[in-house]
Amino acid sequence: MEHILSIDANGSPRKWLTPEQACHIYASGNVMFDFGDNEIVYHGGHDKHGEQSMIVMKSIISVKGAPRGKYKRTTQVAQRNADLVFRRDQNMCAYCGGEFKETHLTRDHIHPASRGGDNSWMNLVTSCVSCNCHKDDRTPEEANMPLLYLPYVPCLWERFILENRKILGDQLEFLKSKLPAHSRALGLN
């Protein structure tokens, strides 16, 4: 199912909406403006003349009353969001450089969790199961396994790209246009 990208009046992304949520926002008159190449059409009931109501929604909408200003950037990664680390690192093992399916990947703590390493974006990298087992409870230096790339904290724009597996082309182009030059998401299609 495609989701609608909700933005504030400044153009900052706020939330991925289900089509049903977006339909409610359209029906209640709370869309300030909308744009995008993709449209989702929702058909409603029929009136007494047999005419069917419909709402045509664009893929990106600005919602009235959406909070403006700074969006809190989180440095922590919830355990349930391992796939976000995999997507940030494009399913590439930070130690051997191999690209793997998510079923063959793990999140690796650069500074091991058993030794106080936290679940932060800067302490987590994608690792294949083999490399993670070999590294074990050691730092990359102790295991003689240098990192092939450095971790980083995704900006707000990249987080929205990472969070949605079924992002539409116009939404991706809108979000990519705001990414910093170091973002690995720039290579996504």
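**Exercise 1. The open sheet**

Task: In this predicted model, determine the order of the strands in the open sheet of four strands, and work out which strands stand at the edges.

Solution: Step one is to read off the order, which is β2-β1-β4-β3 in an open sheet with mixed pairing. Step two takes the pairs in turn: β1 and β2 (residues 13–17) are antiparallel and share four bridges, β1 and β4 (residues 52–63) run parallel and are joined by three bridges, and β3 and β4 run antiparallel with ten bridges between them. Step three concerns the ends of this order, where β2 and β3 (31–46) each have a single partner strand, so one side of each is left without a neighbour in the sheet. As for the geometry, neighbouring strands of the sheet are turned against each other by 35 degrees on average, with direction ignored. Helix α1 (residues 19–27) packs on the sheet and touches β1, β2, β3 and β4, while its direction makes about 100 degrees with that of β4.

**Exercise 2. Register and burial of β1**

Task: Find which residues stand opposite Leu5 and Ser6, and state whether the faces of β1 are covered or not.

Solution: Begin with the partners, since Leu5 stands opposite Trp16 in β2, whereas Ser6 stands opposite Ile61 in β4. A further pair that helps to fix the register of the sheet is Val31, which stands opposite Val63 in β4. Next, consider the two faces: in a regular strand the side chains alternate between the two faces of the sheet. In β1 (residues 4–7), Ile4 and Ser6 lie on one side and Leu5 and Ile7 on the other, and all of them are buried, so both faces are covered. Finally, the hairpin of β1 and β2 has five residues between the strands, and within this hairpin Gly11 takes a positive phi near 90 degrees.

**Exercise 3. A buried aspartate in the loop**

Task: Locate Asp8, decide whether Asp8 is buried or exposed, and list polar partners of its side chain.

Solution: Asp8 is found in the loop between β1 and β2. With a relative accessibility of 0%, Asp8 counts as buried, because the cut-off for that class is under 20%. Turning to its side chain, one polar contact reaches the backbone nitrogen of Asn10 at 2.9 Å, and a polar atom of the same side chain lies 2.9 Å from the backbone nitrogen of Ser12. Asp8 can also be placed relative to β4 through Ile61, for the two residues are 53 places apart in sequence but 8.4 Å apart in space, C-alpha to C-alpha.

**Exercise 4. Ser59 and its surroundings**

Task: Establish which residue has a side chain joined to that of Ser59 by a polar contact, and describe the setting of Ser59.

Solution: Ser59 is found in strand β4 and, having a relative accessible area of 1%, is buried. Its side chain and that of Asp170 are joined by a polar contact of 2.4 Å. Leaving aside neighbours within four places in sequence, Ser59 is in contact with residues including His3, Ile4, Leu5, Phe35, Asp37, Asn38, Asp170 and Gln171.

**Exercise 5. The nonpolar cores**

Task: Identify which elements give two or more residues to the largest nonpolar core, and which gives the most.

Solution: The core has 14 residues, of which Leu5, Trp157, Phe160, Ile161, Phe174, Leu175 and Leu179 touch the most other members. The elements that supply two or more residues are β1, α4 (156–163) and α5 (169–176), and α4 gives the most, with four. Apart from this core lies another, of eleven residues, among them Ile4, Ala22, Ile25 and Val31. For Phe174, the contacts beyond four places in sequence are with Leu5, Ile7, Gly11, Phe35, Ile60 and Trp157.

**Exercise 6. β6 and its cysteine**

Task: Determine which strand pairs with β6, and explain why Cys128 is not bonded to Cys131.

Solution: Strand β5 (residues 105–109) pairs with β6 in the antiparallel sense over five bridges, and Asp108 stands opposite Val125 in β6. Both faces of β6 are covered, with Leu124, Thr126 and Cys128 buried on one side and Val125 and Ser127 buried on the other. Cys128 itself is buried, with a relative accessible area of 4%. The closest cysteine sulfur to that of Cys128 is in Cys131, at 3.5 Å, which is too far for a bond because a disulfide requires sulfur atoms within 2.5 Å. A search of the whole structure likewise finds zero disulfides.

Conventions. Residues numbered from 1 in each chain as written. Predicted model: local features only at pLDDT ≥ 70, side-chain atom pairs only at ≥ 80, totals over all residues. Heavy atoms only, no water. Buried < 20%, exposed > 50% of the residue type's maximum accessible area, 1.4 Å probe, protein only. Pairing = 2+ DSSP bridges. Core = buried A, V, L, I, M, F, W, Y, C linked by side-chain atoms within 4.5 Å. Contact = heavy atoms within 4.5 Å. Polar contact = N/O pair within 3.5 Å; in protein donor to acceptor, adjacent residues only side chain to side chain. Axes fitted to C-alpha atoms, helices over the stretch in contact; angles between N-to-C directions.
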